[in-house]
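Work through the exercises below with the sequence and the model open. Each task is followed by a solution in steps.

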There are 2 protein chains.
Amino acid sequence: MNPSSRSVGVKDVAARAGVSLGTVSNVLNRPDRVSEPTRVKVETAMRELGFVRNESARQLRAGHSRVVAYVVLDAANPFFTDVAQGVELSAGLADLWLFICNSSNNADRERAYLDLLQQQRVQGILITPVDPDAEHLRDVVGRGTPLVVVDRTQQGLDLCSVAVDDVLGGRLAVEHLIDRGHTQVAFIGGPLSIGQVRDRWQGAQEAWSDAGLPAESLHLISTAALTVVEGRGAGERLAGLPKRRRPTAAFCANDLLALGLLQQTIGSGRLVPEDLAIVGYDDIEFASAAAVPLTSVRQPRQELGRTATELVIDEATNPKHVHTQVTFTPELVARTSTLG
Amino acid sequence: MNPSSRSVGVKDVAARAGVSLGTVSNVLNRPDRVSEPTRVKVETAMRELGFVRNESARQLRAGHSRVVAYVVLDAANPFFTDVAQGVELSAGLADLWLFICNSSNNADRERAYLDLLQQQRVQGILITPVDPDAEHLRDVVGRGTPLVVVDRTQQGLDLCSVAVDDVLGGRLAVEHLIDRGHTQVAFIGGPLSIGQVRDRWQGAQEAWSDAGLPAESLHLISTAALTVVEGRGAGERLAGLPKRRRPTAAFCANDLLALGLLQQTIGSGRLVPEDLAIVGYDDIEFASAAAVPLTSVRQPRQELGRTATELVIDEATNPKHVHTQVTFTPELVARTSTLG
DNA sequence: ATCGCCAGTTGAAACCTTTCAAAGATGCAA
DNA sequence: TTGCATCTTTGAAAGGTTTCAACTGGCGAT
């Protein structure tokens with residue numbers, strides 16, 4: 001094909017095809033303006049030389065990029081990949097391609113990715129940030145790269161964001177448990193420094209006190225992370241409580257915790273939901289596929305991604321763009337783990 | 001910061017700092033060659049103007065990029081995100097950043113991403129391709145972008161690849177079941193057009209005939225995809241078999257299938273492993289966290305990513321690079337789902 | 001004084017593409 | 001035959017950075 005030569009450029013293609021440089025560019029960008037025979041000649045030359053358009057040069061001149069990036073907190077969490085799927089979908093409609101970057105919940109990595117993406121002049125950045133109030137998020141927008149915060153509510157109005165009402169989600173979960181007759185409930189989640197956990201806990205408390213139940217019968221079991229392993233640990237702690245104070249139901253701040261709790265509970269010979277009812281959060285695919293299908297609070301994940309993309313595109317292309325905060329409503333999906 | 005101005009370049013920074021353009025570039029690329037006071041002046045100017053280096057221009061001139069890309073088959077499959085973690089790790093050591101692209105098992109999308117990445121002149125491409133024999137993979141290398149195939153063995157020697165010995169993996173799984181005394185076993189997986197599935201099935205057959213067992217007591221239950229849902233369906237089909245021909249153990253081509261099968265089996269009141277022993281493949285995190293912890297064939301996922309990255313970097317930087325095919329050895333992790 | 005050396009600094013050239021005004025070709029009507 | 005309109009092609013300029021050979025000024029050695 002093109003074994004040793006350093007690099008094939010439009011110039012080479014033009015020479016080979018016996019046309020001018022501008023014509024090659026026209027074939028690339030406005031093929032309709034080029035006569036059929038010329039176009040064929042040029043395309044043949046490209047194929048023969050193994051020409052690959054240099055995107056850096058293109059972008060430098062044309063000024064705009066064809067990619068959006070989504071910086072996720074944890075690529076291994078199915079929740080984020082589902083959101084990403086929504087992003088891909090609507091990015092595709094606008095002829096944009098998606099790059100996924102993984103900050104691994106690390107502020108330094110997040111920052112480095114943001115720098116790189118700004119330097120690449122991507123069309124826009126979607127991000128689920130480690131800390132939604134961090135200064136550098138605002139800097140990005142200030143320097144001209146559109147940015148939308150995903151899955152975190154924004155305090156200020158100076159940034160676009162899409163999120164789900166986590167307080168309401170917490171409410172739904174606990175109201176459901178109250179409806180099922182539970183009067184001793186555990187909230188399992190943490191650390192509380194995570195915004196989502198805080199909000200879901202708050203919603204749980206609100207539902208509890210609205211029902212006139214005593215605050216001390218809603219137990220906070222705090223975990224170090226939102227993982228399966230931590231869920232199992234929480235199960236052990238629950239089992240260790242004296243019987244009369246032991247909750248008959250648990251609301252977990254996400255599905256990974258709930259799955260761990262479920263496993264520990266079944267594994268130690270107790271029954272779900274007879275001995276312990278469980279509600280998760282996120283409704284990831286593994287929730288319905290669990291040994292006991294999990295009741296969970298569903299977030300419109302794809303929609304989240306879709307909307308975030310639309311916002312970022314608007315910010316990139318619409319000069320009259322105004323920063324918008326969109327909040328979606330979660331929905332309780334009741335399954336065996338609370339219904340018996 | 002930098003509200004209306006079109007775009008801040010090195011030139012603006014130079015003017016503001018009262019130095020030449022070349023000095024600004026030196027601050028950016030060889031800070032040691034610049035005197036302390038000058039450096040500070042320039043850095044201050046950058047901050048004040050909100051300067052963001054234009055990566056397109058940088059790359060155009062410098063000729064090389066700072067990113068590698070990993071094109072995965074399915075971003076929602078934990079297996080791939082685990083591999084990606086390995087990639088991130090060793091890419092970081094070489095000062096490279098990772099972009100993850102999702103082909104969604106779609107050949108057209110895969111192609112489009114490959115084109116885009118070549119045009120971007122990324123340092124290298126890792127890919128788990130839809131079809132490892134596709135012509136366009138070789139084209140990429142022919143045109144000068146290093147590329148490594150991940151998790152598929154390569155026939156030809158004209159491409160780098162890292163993979164795990166899937167025939168051996170299939171062997172290990174079935175030998176384990178034979179050791180546990182099973183004489184009626186089902187292989188669940190499909191479609192067989194997927195290389196991995198074919199290899200695992202082959203390994204299973206080899207182990208079976210090596211043990212002198214009759215071919216007809218190793219049942220092939222073929223699925224349309226490697227998903228939880230298909231696993232549940234397979235469970236129903238198993239249950240429908242007449243009792244005397246019904247397998248007492250199942251080897252699933254991946255963990256998602258195994259989890260679905262596990263769920264269906266437990267859900268219909270049968271016991272694992274007493275009524276049905278189950279072996280999965282991949283050993284994703286959810287395998288050990290399942291209601292009945294799953295025996296599974298573990299692949300060195302992180303190592304896969306790590307090695308692939310090293311190969312792609314070698315191909316990018318070492319002029320004497322020779323294409324290498326690395327094969328790892330899988331390992332059986334026995335858990336409750338076969339041990340009781 | 002002069003020389004040579006060195007650290008620090010300079011600015012033009014190069015990287016490869018796209019854009020656009022202008023030139024060239026073609027066809028048709030007058 | 002000329003003029004005009006339409007369609008195609010041309011080539012120079014521009015875009016922001018890095019590189020590199022050349023330059024500057026200061027300093028110690030001669």
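Two strands pair if DSSP finds at least two bridges between them. Helices (H or I, at least four residues) and strands (E, at least two) are DSSP runs, numbered from the N terminus. The model is predicted: local features need pLDDT of at least 70, side-chain atom pairs count only at pLDDT 80 or more, and totals for chains, interfaces and linings use all residues. Residues are numbered from 1 along each chain as its sequence is written, chains are lettered from A and ligands numbered from 1 in the order in which they are written, and side-chain values use heavy atoms, with hydrogens and water left out.

**Exercise 1. Strand pairing in chain B**

Task: Find the strands that pair with E5(B), and name the residue that stands opposite Ser161(B) in each.

Solution.
- Step 1. Strand E4 (residues 147-150) of chain B pairs with E5(B) in the parallel sense, over 3 bridges. Here Val149(B) is the residue opposite Ser161(B).
- Step 2. Strand E11 (residues 325-328) of chain B also runs parallel to E5(B), joined to it by 4 bridges. The bridge partner of Ser161(B) in E11(B) is Gln325(B).
- Step 3. Move on to E4(B), which pairs with strand E3 (residues 124-127) of chain B, again in the parallel sense and over 3 bridges. In that pairing Ile125(B) stands opposite Leu147(B).

**Exercise 2. Burial of the strands**

Task: Decide whether the residues of E5(B) are buried or exposed.

Solution.
- Step 1. Set the cut-offs: buried means under 20% relative accessible area, exposed over 50%, and partly exposed in between (1.4 Å probe, protein chains only).
- Step 2. In strand E5 (residues 160-164) of chain B, 5 of the 5 residues are buried, so the strand is largely enclosed by the rest of the structure.
- Step 3. Check the faces of E5(B). Cys160(B), Val162(B) and Val164(B) are buried on one side, and Ser161(B) and Ala163(B) are buried on the other.
- Step 4. Do the same for E4(B): Leu147(B) and Val149(B) point one way, Val148(B) and Val150(B) point the other way, and all are buried.

**Exercise 3. The two copies and their interface**

Task: State how chain A is related to chain B, and describe the contact between them.

Solution.
- Step 1. A turn of 180° with a shift of 0.0 Å along the axis lays chain A on chain B with an RMSD of 0.1 Å, by least squares on the C-alpha atoms of residues with pLDDT of at least 70 in both. That is the relation of a two-fold axis.
- Step 2. Both copies use the same surface, as 100% of the contact residues of chain A recur in chain B. Contact means heavy atoms within 4.5 Å.
- Step 3. The count is 50 residues of chain A in contact with 52 residues of chain B.
- Step 4. The area buried between chain A and chain B is about 4,800 Å², with carbon and sulfur atoms giving 59% of it. Buried area is the accessible area (1.4 Å probe) that two parts lose on being put together, summed over both.
- Step 5. The rule finds 2 salt bridges across this interface, each a side-chain nitrogen of Lys or Arg within 4 Å of a carboxyl oxygen of Asp or Glu. Glu88(A) forms a salt bridge with Arg109(B), with the closest N and O atoms 3.4 Å apart.
- Step 6. On the side of chain A that touches chain B, H6(A) gives the most, with 7 residues.

**Exercise 4. Backbone exceptions**

Task: Locate the cis peptide bond at Pro191(A) and the one at Pro273(B), then place Asp95(A) and Ser104(A), which have positive phi.

Solution.
- Step 1. Recall the background: most residues other than glycine have a negative phi, and most peptide bonds are trans.
- Step 2. Gly190(A) and Pro191(A) are joined by a cis peptide bond, with omega about -5°. Pro191(A) is in the loop between strand E6 (185-189) and helix H9 (195-210) of chain A.
- Step 3. Val272(B) and Pro273(B) are likewise joined by a cis peptide bond, with omega about 10°. Pro273(B) is in the loop between helix H11 (255-267) and strand E9 (277-282) of chain B.
- Step 4. Asp95(A), not a glycine, has a positive phi of about 65°. The residue lies in the loop between H5 and E2 of chain A, and Asp95(A) is exposed at 59% relative accessible area.
- Step 5. Ser104(A), also not a glycine, has a positive phi of about 50°. Ser104(A) is in the loop between E2 and H6 of chain A and is partly exposed at 36%.
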